[in-house]
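Please open the model in your viewer and keep the sequence beside it. This tour goes from one selection to the next, and at each stop it says what is there.

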Amino acid sequence: MTFYSAIKAFHIMAAFAAYGLPFAYPFLLPYLHRHHPEALPGVHDIQHRLNKVLTGPGTVLLFLFGTYMATKNHLWGETWVDIPIAILAVIVVAGGLIVRWTGELATLSTTDVSSATDTITFSSAYSTTYRRYMLTETMLGLLVLIAIFFMTAKPFS
């Protein structure tokens with residue numbers, strides 16, 4: 001085992017830790033929304049927490065490990081490095097929105113669920129934020145898949 005191979009393993013682990021669970025949210029949340037709306041306040045609260053303590057730090061580690069590998073092997077300028085770096089920049093910017101929105105969703109869903117008498121009806125503020133969040137989270141999942149493709153298949157190299 002070399003130091004470089006350990007860094008590569010840590011790079012992959014950081015990507016998995018940071019983006020594995022968020023990748024599942026577009027599949028999980030619509031199901032919960034339809035079948036268990038009372039669970040959404042807790043789900044959104046843990047999403048908000050995990051974005052701050054896992055996804056954010058994992059993104060930083062992913063960047064640091066990737067920077068080491070690209071610098072060590074003089075890979076800057078390679079398409080299969082540059083495209084994922086650009087994707088990571090989009091993820092960082094969108095991640096700020098995701099953190100804000102999951103916090104808002106936790107608060108809004110708590111209010112909506114606690115004020116429901118029989119059937120849970122979500123407010124327009126919750127619904128609007130939920131739609132923005134889901135669209136953005138789905139886009140980020142696709143971008144992560146594109147980055148993985150570029151880094152493994154290495155097209156245009």
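What should the 30 residues of helix 4 (residues 124–153) span at 1.5 Å a residue, and how far apart are its end C-alpha atoms? Select helix 4 to follow the answer, keeping in mind that this is a predicted model. The expected span is 44 Å and the end C-alpha atoms lie 43 Å apart, so the two values agree.

Stay at the end of this helix and select Lys 154, which lies in the segment after helix 4. Its phi is near 50 degrees, a positive value in a residue other than glycine. With a relative accessible area of 33%, Lys 154 is partly exposed, because that category covers the values between 20% and 50%.

**The whole chain**

Now show the whole protein, which has 4 helices and 0 strands, so that its elements read α-α-α-α from the N terminus on. Along the principal axes, the C-alpha atoms fill a box of roughly 60 × 30 × 20 Å. If you colour the 157 residues by accessibility, 38% of them count as buried.

**Helix 1 and helix 2**

Next, select helix 1 (residues 3–35) together with helix 2 (residues 40–72), whose axes are 8 Å apart and meet at an angle of about 155 degrees. Helix 1 is therefore roughly antiparallel to helix 2, since angles over 145 degrees count that way. The crossing of helix 1 with helix 2 is left-handed. In the contact of helix 1 with helix 2, you can colour the residues by class and find 23 nonpolar, 8 polar and 2 charged.

**Helix 2 and helix 3**

Keep helix 2 and add helix 3 (residues 79–115). Helix 2 and helix 3 pack at an angle of about 165 degrees, and their axes are 8 Å apart, which makes helix 2 roughly antiparallel to helix 3. Helix 2 and helix 3 also make a left-handed crossing, and their contact divides into 14 nonpolar, 9 polar and 2 charged residues.

Which residue should you look for in the loop between helix 2 and helix 3? Select His 74, which has its place in that loop. Like Lys 154, whose phi is near 50 degrees, His 74 is a residue other than glycine with a positive phi near 50 degrees. At 69% relative accessibility, His 74 counts as exposed, because the category begins over 50%.

**Inside helix 3**

Move on to Arg 100 and Glu 104 and show their side chains, which meet in a salt bridge with a distance of 3.3 Å from N to O. Side chains of opposite charge can pair when their charged atoms come close. The structure holds 1 salt bridge. Because Arg 100 and Glu 104 are 4 residues apart in helix 3, about one helical turn separates them. Arg 100 is partly exposed at 46% relative accessibility, and Glu 104 is also partly exposed, with a relative accessible area of 30%.

For the last stop, is Leu 105 buried or exposed? Select this residue in helix 3 and you will find that it counts as buried, at 0% relative accessibility. Then add Leu 28, which is 77 residues away from Leu 105 along the chain, and draw a line between the two C-alpha atoms, which are separated by 15 Å.

How values were computed: Residues are numbered from 1 along each chain as its sequence is written. This is a predicted model: local features need pLDDT of at least 70, side-chain atom pairs count only at pLDDT 80 or more; totals for chains, interfaces and linings use all residues. Side-chain values use heavy atoms; hydrogens and water are left out. A salt bridge is a side-chain nitrogen of Lys or Arg within 4 Å of a carboxyl oxygen of Asp or Glu. Helices (H or I, at least four residues) and strands (E, at least two) are DSSP runs, numbered from the N terminus. Buried means under 20% relative accessible area, exposed over 50%, partly exposed in between (1.4 Å probe, protein chains only). Axes are lines fitted to C-alpha atoms, for helices over the stretch in contact, and angles run from 0 to 180 degrees between N-to-C directions. Angles under 35 degrees count as roughly parallel, over 145 as roughly antiparallel, 65 to 115 as roughly perpendicular and the rest as oblique. A crossing is left-handed if the near helix is turned anticlockwise from the far one by less than a right angle, and right-handed if clockwise. Ala, Val, Leu, Ile, Met, Phe, Trp, Tyr, Cys and Pro count as nonpolar, Asp, Glu, Lys and Arg as charged, and the others, Gly among them, as polar. The expected span of a helix is 1.5 Å times one less than its number of residues.
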